[in-house]
Amino acid sequence: MEIRAEQDRFVLLNDDNKEIGEMTWSNAGDKMMIIDHTFVDPAYRGQKLAEKLVFNGVEKARREGKKIIPLCPFAKKEFDEKTEYHDVLRT
């Protein structure tokens, strides 16, 4: 599995380099990103891959000094459950 950064999204690729998931965001100014969509192909669910996609978004925000608005229901659940993400959560 590989996660690749592209324009406004992280793409999850399987070992055959086939896209099996993504997390997308929109930039809201220079200091804010909105996670608006997270998806993993049903055949690959249950492997914590969506969690890894959101984690990549959190790390990107930390590197760039941004805050995150998690509009995507899955990302919102991750932020609700993981207090370690609250440093980048826009409150």
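This talk walks through one predicted protein model, from its overall fold to a handful of individual residues.

Let me start with the architecture. The secondary structure comes to two helices and five strands, and read from the N terminus the elements follow the order β-β-β-β-α-β-α. For overall dimensions, the radius of gyration of the protein is 13 Å, close to the 12 Å that the globule rule gives for 91 residues, so the protein is as compact as a globular protein of that length. If you prefer a box to a radius, the C-alpha atoms fill roughly 40 × 25 × 20 Å along the principal axes.

Turning to the surface and the interior, 41% of the 91 residues of the protein count as buried, while the exposed area is about 5300 Å², of which carbon and sulfur atoms supply 49%. As for charge, there are 16 positive and 18 negative side chains, and the centres of the two sets lie 4 Å apart. One further global number concerns the contacts between residues at least 6 apart in sequence: 39% of these join residues at least 24 apart.

Now to the aromatic rings. A search of the whole structure finds two aromatic pairs, and I will describe one of them, formed by F10 and W25. Why is this pair classed as tilted? The ring centres of F10 and W25 are 5.1 Å apart and the planes stand at 45°, which falls between the limits of 30 degrees for stacked and 60 for edge-to-face, so the pair counts as tilted. In terms of the chain, the pair links distant parts, since F10 belongs to strand β2, residues 9-13, and W25 to strand β3, residues 19-27, with the two positions 15 residues apart in numbering. Both F10 and W25 are buried.

F10 also brings us to the first strand, because F10 is among the contacts of R4, a list that, with neighbours within four places in sequence left aside, consists of R9, F10, V11, L13 and N17. R4 itself is found in strand β1, residues 2-6, and with a relative accessibility of 33% R4 counts as partly exposed. To place R4 against another part of the chain, R4 and T38 are 34 residues apart in sequence, and their C-alpha atoms are 14 Å apart in space.

N17, one of the contacts of R4, deserves a look at its backbone. Most residues other than glycine have a negative phi. In N17, however, phi is near 65°, a positive value in a residue that is not glycine. N17 lies in the loop between β2 and β3, and its relative accessibility of 47% makes N17 partly exposed.

Where else does a positive phi turn up in a residue that is not a glycine? K48 has one, at about 60°, and K48 is found in the loop between β4, residues 32-40, and α1, residues 49-64. K48 counts as exposed, because its relative accessibility of 57% is over the 50% cut-off.

A further loop position is A28, which sits between β3 and β4 and is partly exposed at 36% relative accessibility. A28 and I68 are 40 residues apart along the chain, and their C-alpha atoms are separated by 9.5 Å.

I will finish with helix α2, residues 73-81, where E78 lies, as does A75. Are these two residues buried or exposed? E78 counts as buried, at 1% relative accessibility, and A75 is buried as well, with a relative accessible area of 0%. Again leaving aside neighbours within four places in sequence, E78 is in contact with E51, V54 and Y85, whereas A75 is in contact with I35, V54 and P70, so that V54 appears in both lists. A75 can also be placed relative to H37: the two are 38 residues apart in sequence, and the distance from C-alpha to C-alpha is 8.0 Å.

Key: Residues are numbered from 1 along each chain as its sequence is written. This is a predicted model: local features need pLDDT of at least 70, side-chain atom pairs count only at pLDDT 80 or more; totals for chains, interfaces and linings use all residues. Side-chain values use heavy atoms; hydrogens and water are left out. Rings of Phe, Tyr and Trp (its six-membered ring) pair if their centres lie within 6.5 Å; planes under 30 degrees apart count as stacked, over 60 as edge-to-face and the rest as tilted. Helices (H or I, at least four residues) and strands (E, at least two) are DSSP runs, numbered from the N terminus. Buried means under 20% relative accessible area, exposed over 50%, partly exposed in between (1.4 Å probe, protein chains only). The radius of gyration is taken over C-alpha atoms; the globule rule is 2.2 Å times the number of residues to the power 0.38. Contact means heavy atoms within 4.5 Å. Accessible areas come from the Shrake-Rupley method with a 1.4 Å probe; for residues, only the protein chains shown count as cover. Lys and Arg count as positive and Asp and Glu as negative; His and the chain ends are not counted. The place of a charge is taken as NZ of Lys, CZ of Arg, CG of Asp or CD of Glu.
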